[in-house]
Structure formats: structure tokens, C-alpha cells
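Please look over the sequence and the model below, and then follow this report on a few of its local features.

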Amino acid sequence: MAASAMNNKNDVEDAAAVTTLDKTNNNRPVVLKVEHVAKSFRLPTEQASGLKMAFLNWTRGIKGYTEQQVLRDINFEVHQGDFFGIVGRNGSGKSTLLKIISQIYVPEKGNVTVQGKLVPFIELGVGFNPELTGRENVYLNGALLGFTCEEIDAMYDDIVEFAELGEFMDQKLKNYSSGMQVRLAFSVAIKAQGDILVLDEVLAVGDEAFQRKCDNFFSEIKKDPTKTVILVTHSMESVKKYCTKAILIKDGEIVASGNKNYVADQYTLENLKVEEKTAKNDVSESGYPAGLNERCPLLEIHAVDSLMCDGSVPFRFYIEYEFNENDEYYFPVTIFDSKRGGISYDSGKLIRAKGTGHQRLYLELPLTLFNDGDFYMQVSLRVDHRVNGEVKVDRVAFTTGSNACNFVIRRHSKESDYALLQQDAVDISIFKQEHIN
């Protein structure tokens, strides 16, 4: 009941946020409108060796290809001033959608309407010629994007200054390091004076100092009501930091849209589900999955609640196992911080169980102390034996791969992802102060 109430509360908050955003959008013109767009590709299955074989295949009804539907009835609008995120797993169709928006592909169905100058940067450095100088490549790239020589003249100094390559612009591009080439390409991308900037996986470029400069640029462009950015990325941190709204594409369809936090969380949840299905359990020499054996042939963690938690209620899960020995045993539950590293929690001998055979043990993990984070939970089955007066720990089995469990906490509060523990969890207070002469 508590989890259901939490999800309902989140749905109401997300709906309210989207409604507020829609009211704001009504005051700004639509600069990109995608209506009922669909696209498919033909994948060859067999190749005819000549006209005779092609004719025979035709008479038998053999097409020689299969049709892959990449996009299905895509609809959304982008308003002027939006920082619009498009997210989805590899193969979901988002890159195809970008190429249709950029007029590289033509949709089989539907329409795309663009108001203003759209500048696409789907792959950094495409169109650069290694035999030309940096300066010549800037003009070449600008021309490919549809800018006149006069327009490139006006942008040139800003591009060079941002890339910090002033002394190298008259050298051939083939003499640039890979980092220098990326910086130049990215600088052309973001300094191009277009109305709509389309970026595909280009945020994590350059060294740390250059990334800080890019971060400052995006923070500034986000404040400009005349500039619109469409960003395709796998970084949910970037979506939450920069975007004003977003969509999630799965199998060629939009499955979530509107509030950026909601869309980012749904993407994370999709990844967790896929990881859970595809995680491999290597088989040991004994023929059992890694971590298991004849004494304990079954040991798995299963989530009862959603793998996406907001921390306000405990995370409920159960351990399913098979153990047929009469010894008293226990389950240390260990939680690892997937991003920050290290062990966040270990239950030790707290969780003791009884009984033999095929069992399920239902547990609750309080999350009120934790900030936002990605966590990996592992369980082991252990038995203590006393040998010559000393306690010896026998780790009978443990979970790994698909038998373990990944979950995330997303509170969406300010600074909730900075440290592992919430500030309220550890109350530091001054108990004494001395003045030293």
C-alpha cells in the first residue's frame, strides 16, 4: 500500500509539472513539430547472384529482405527556448529520428515541420578533411551546414576562442591530436549561429577544463529564450541538469514524455530491467551457476517493489533459496555503491533463518538515510562452525550476475546526489571552540 501511494504521489507531481510546463509553452512558438512519423529499413537476407535468380526468387515470392520498423507513429512538439532531451537505449530509433529531423532521412509516413535555421551535429568531425588546415575545415564545415562565407566570418573568432586553438588554426588537421580535433568540431557545433541546435552524444568531449567550459556554455544557452537545443544522450545527469523536457523512445515508440526527471527515471528503470534479464551467471566446473553448488543449488534475490525507489519507504525484496542441512544459517546482505564505490551497508549475522528445503525469505531495507544513488545488492548463505574453540565461517553460497539485484534511489531534491548519506542522517554539532593565541 505504501509503495502504491508513493507511486501515485509521484505520478501526480509529474503530471502537475508537465501541466505547468505546457502552460509556459503556450506563450512560445513551436519551432519543431513531428507528426505521425514512421520509418523502416530493408535488411537483406539473401542476395540474388544474377537476373535469373532474382526472377526465380520473385516468382516464388522470396523478397530477399526483411523489413525492420524503426519508428512508429512518433509525435511531439518543441517550443522556442526548449532544451529538449531525447533518450533511449541503443537501437531504440532515436538516431534515426534525429536524421529525419535533420532532413538526412525522409520519413515513410508523417511530417516534420521546422521553423528557423536548424544546425545538426549528429557525429562530431563528419565533413572534416585531414589534409586541410583547421581554418579551412571551419569554413568547409560551415558551408556543409548551409552558412555563407560572411556568416562563417562572423562566427570564426568565437569558434577559435572557444576551442583554444588559435595558434594551430593554420596547421593541417592531420597534425592535430584527437583531443584537439574533437574540441574544434565541438566548438563549430555549439558556436554555429543557428536557431535550433541538434546534438547527438557530444557532451562528454575534451579534458576536464574544456568540459567545464562546455558546461558554462550550456548553462548560458539555456537562459537564452531564442535558442532551442535538441539533445540525444545516454547521460541522465545531463538530462536532469540541462533539459527542460524530454521524451523516452523504446522500440520505435515514445513511452514517456514531459517532465525531465520522470523521463530520466523511466530510462534508468528500463536499463535496470534489461540488465536483470541479460546478466550472465557463469557456470562453475561443478555444473552449478557461479556462487552456487550442490549444498545450495538455488540462491536468488527478487525485488517485490519497483527497482526505482524514492527513499521514503523501505525497499522490499525476497531471497529464494534451497538449503537442506540442519545447521543454523544466516544471510549477510551487502550493498555496494555502484557509482561512488565501496560498501554502503553489510548486515553481518543480523538475518538468521531456520528450516530446510526450498524457501523464500521476505525482507525490508530502510532507505531513509541514503541520498540518490545506484546500488548493487549481494547476498550470501553462511554457516558458523566451532573448531577448537574458534568460530569458523563457512560461506556456502553467494549471489552474482542475474541472481543479485540492482536498484536505484531518486529523491530529486537539491544536492541529493552529492554524498551517500543525507545531511539529516548525520547531525554534526559544535561542542567546543577555543581561541589559540
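The largest cavity holds about 50 Å³ of space, and the structure has 1 cavity of 30 Å³ or more. Here a cavity is a set of points, on a 1 Å grid over the protein atoms alone, where a 1.4 Å probe fits but cannot get out, and lining residues have an atom within 4 Å of a point; the volume is the space filled by probe spheres set on the points, which are joined across faces, edges and corners. This is a predicted model, in which local features need pLDDT of at least 70 and side-chain atom pairs count only at pLDDT 80 or more, while totals for chains, interfaces and linings use all residues. Residues are numbered from 1 along each chain as its sequence is written, and side-chain values use heavy atoms, with hydrogens and water left out.

Among the residues lining the largest cavity are Val-138, Leu-145, Ile-152 and Val-188. The elements that give two or more residues to this lining are α4 (134–144) and α5, and α5 supplies the largest share, 3 residues. Helices in this report are DSSP runs (H or I, at least four residues), strands are runs of E of at least two, and both are numbered from the N terminus.

Helix α5 (residues 149–163) also meets helix α7 (residues 208–221): their axes come within 10 Å and cross at roughly 135 degrees. That crossing makes α5 oblique to α7, because angles under 35 degrees count as roughly parallel, over 145 as roughly antiparallel, 65 to 115 as roughly perpendicular and the rest as oblique. The axes are lines fitted to C-alpha atoms over the stretch in contact, and angles run from 0 to 180 degrees between N-to-C directions. On the α5 side the contact (heavy atoms within 4.5 Å) is made by Glu-161, Phe-162 and Ala-163, and on the α7 side by Phe-210, Lys-213, Cys-214 and Phe-217.

The table sets out the residue classes of both groups, where Ala, Val, Leu, Ile, Met, Phe, Trp, Tyr, Cys and Pro count as nonpolar, Asp, Glu, Lys and Arg as charged, and the others, Gly among them, as polar.

| Group | Nonpolar | Polar | Charged |
|---|---|---|---|
| Lining of the largest cavity | 8 residues | 1 residue | no residues |
| Contact of α5 with α7 | 5 residues | no residues | 2 residues |

Helix α3 (residues 94–101) is mostly covered, with 6 of its 8 residues buried (under 20% relative accessible area, whereas exposed is over 50% and partly exposed in between, with a 1.4 Å probe and protein chains only).

Key
1 Å grid on protein atoms, 1.4 Å probe; cavity = no way out; pocket = protein on both sides within 12 Å on 5 of 7 lines; lining within 4 Å.
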